[in-house]
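Here is a short briefing to read alongside the sequence and the model. Have a look around the structure first, then come back for the details.

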Amino acid sequence: MAQQQHHWHFFRAGGFDQVKIRSGADIANLDQLDPKLWVALACPAQGLEFDSKTLTLLDTDKDGRIRVPEIIAAAKWTCANLKNPDLLLRSAAVLPLAEINTETAEGMQLFCSAKQLLANLGKKDVDVITPEDTADTVKIFAQTNFNGDGIIHAEVIADPAIQQVIKDVIACFGSEPDRCGKPGINQLKIDCFFKEAQAYSDWWTKAETDPTILPLGQNTIAAVAAFRAVRHKVDDFFARCRLAAFDPRALVALNREEKEYLTV
């Protein structure tokens, strides 16, 4: 059966006829409008007096231009997920949840997402959603433990041992900000941590049988700590020795006078 042609209404402006969008059905049937009747076939995705986020969403191929197929695709998607597409012409600042078409899988997903988002914002009993509700992602996810951002923080884990592992990873490799604003770790940091931990474990196992790694045995760790405590002074001593060997006249400048040592 041939598709029924949509009936269009026109008005004259600027010396030529233009289509008048009067209903949601007009928007839903933009694919039937001859491209020759469009005022423009493309427009820039930036620099317009129009919401920049909406322009970015419309520009699906990210070429910096919004073209007819992209407008048609957006119109089809929007109309399919509304019970009454006429709602698009009301210029309302809110979307009633009851207007979402839950008879489709995608519409049901949108409805459930909107309900969850409002619940996260403390608006569980509110039956409308606004652009402001969707704008602050930090606020939206502040009370959610698992928000799909690939980052996990210690507070969402009940096991103290695993909490400590997360803290150890952060201490070694730093943190990544979770959507809720808390410091956490991602898969890359976890992989790096356990790779280095395994390398350290292998080194320690080898050190138990290779005396050249821990020359002082169990006392090697204490000796290293003692050396690190005075390392800067040791480095300073040998630096002075090298200067003195280079030019003996530097001895006077490198050392205090004897009387200063006697008063200490």
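What percentage of the 264 residues in the protein is made up of buried residues? The share is 23%. Please keep in mind that this is a predicted model. The protein has a radius of gyration of 35 Å, whereas a compact globule of 264 residues would have one near 18 Å.

**Overall shape and surface**

- Along the principal axes, the C-alpha atoms of the protein fill a box of roughly 105 × 50 × 40 Å.
- The secondary structure comes to eleven helices and eight strands.
- Among the contacts with a separation of 6 or more, 36% are between residues 24 or more positions apart.
- The protein exposes about 19,100 Å², and 59% of that area is supplied by carbon and sulfur atoms.
- I21, L88 and L89 together make a nonpolar surface patch of about 210 Å².
- Within this patch, L89 belongs to the loop between helix 3 (68-80) and strand 5 (95-96). L89 counts as partly exposed because its relative accessibility is 35%, between the 20% and 50% cut-offs.

**Two long C-alpha distances**

- A28 and R256 are 228 residues apart along the chain, and their C-alpha atoms are separated by 90 Å.
- A28 sits in helix 1 (residues 24-28). At 19% relative accessibility, A28 counts as buried, since the limit for that class is under 20%.
- Leaving aside residues up to four places away in sequence, A28 touches K76 and C79.
- D235 and G107 are 128 residues apart in sequence, with 70 Å between their C-alpha atoms.
- D235 has its place in helix 9 (residues 220-246) and is partly exposed, with a relative accessible area of 40%.

**A buried histidine and its surroundings**

- H153 is found in the loop between helix 6 (137-140) and helix 7 (160-173).
- Is H153 buried or exposed? H153 is buried, because its relative accessible area is 4%.
- Not counting residues up to four places away in sequence, H153 touches I166, D178, C180, K182, P183 and G184.
- One of these, K182, also takes part in a salt bridge with E155, described in the next group.

**Salt bridges**

- Side chains of opposite charge can pair when their charged atoms come close.
- How many salt bridges does the structure hold? The structure holds ten salt bridges, and three of them are described here, starting with E155 and K182.
- E155 and K182 meet through their side chains at 2.7 Å, N to O. E155 lies in the loop between helix 6 and helix 7, while K182 lies in the loop between strand 7 (176-177) and strand 8 (183-184), so this pair ties together parts that are 27 residues apart in sequence.
- E155 counts as exposed at 60% relative accessibility, whereas K182 counts as partly exposed at 28%.
- D34 forms a salt bridge with K36, and their closest N and O atoms are 2.8 Å apart. D34 is partly exposed at 31% relative accessibility, and K36 is exposed with a relative accessible area of 69%.
- D247 and R249 form a salt bridge in which the closest N and O atoms are 3.0 Å apart. D247 is partly exposed, with a relative accessible area of 21%, while R249 counts as exposed at 68%.

**Aromatic groups**

- A pair of aromatic rings is described by the distance of the centres and the angle of the planes.
- The structure holds five aromatic pairs. One of them is formed by F237 and F238, an edge-to-face arrangement with 5.1 Å centre to centre and 80° between the planes.
- That pair counts as edge-to-face because its angle of 80° is over the cut-off of 60 degrees.
- F237 is partly exposed, with a relative accessible area of 48%, and F238 is also partly exposed, at 45%.
- Which residues form one aromatic cluster with Y200? Y200 is joined by W203 and W204.

Definitions and conventions. Residues numbered from 1 in each chain as written. Heavy atoms only, no water. Patch = residues over 30% accessible without salt bridge, like charges linked within 9 Å, V, L, I, M, F, W, Y side chains within 5 Å. Areas by Shrake-Rupley, 256 points an atom, 1.4 Å probe, with all protein chains shown as cover. Salt bridge = Lys/Arg side-chain N within 4 Å of Asp/Glu carboxyl O. Helix = DSSP H or I, 4+ residues; strand = E, 2+ residues; numbered from the N terminus. Buried < 20%, exposed > 50% of the residue type's maximum accessible area, 1.4 Å probe, protein only. Contact = heavy atoms within 4.5 Å. Rg over C-alpha atoms; globule rule 2.2 N^0.38 Å. Phe/Tyr/Trp six-rings, centres within 6.5 Å; stacked < 30°, edge-to-face > 60°.
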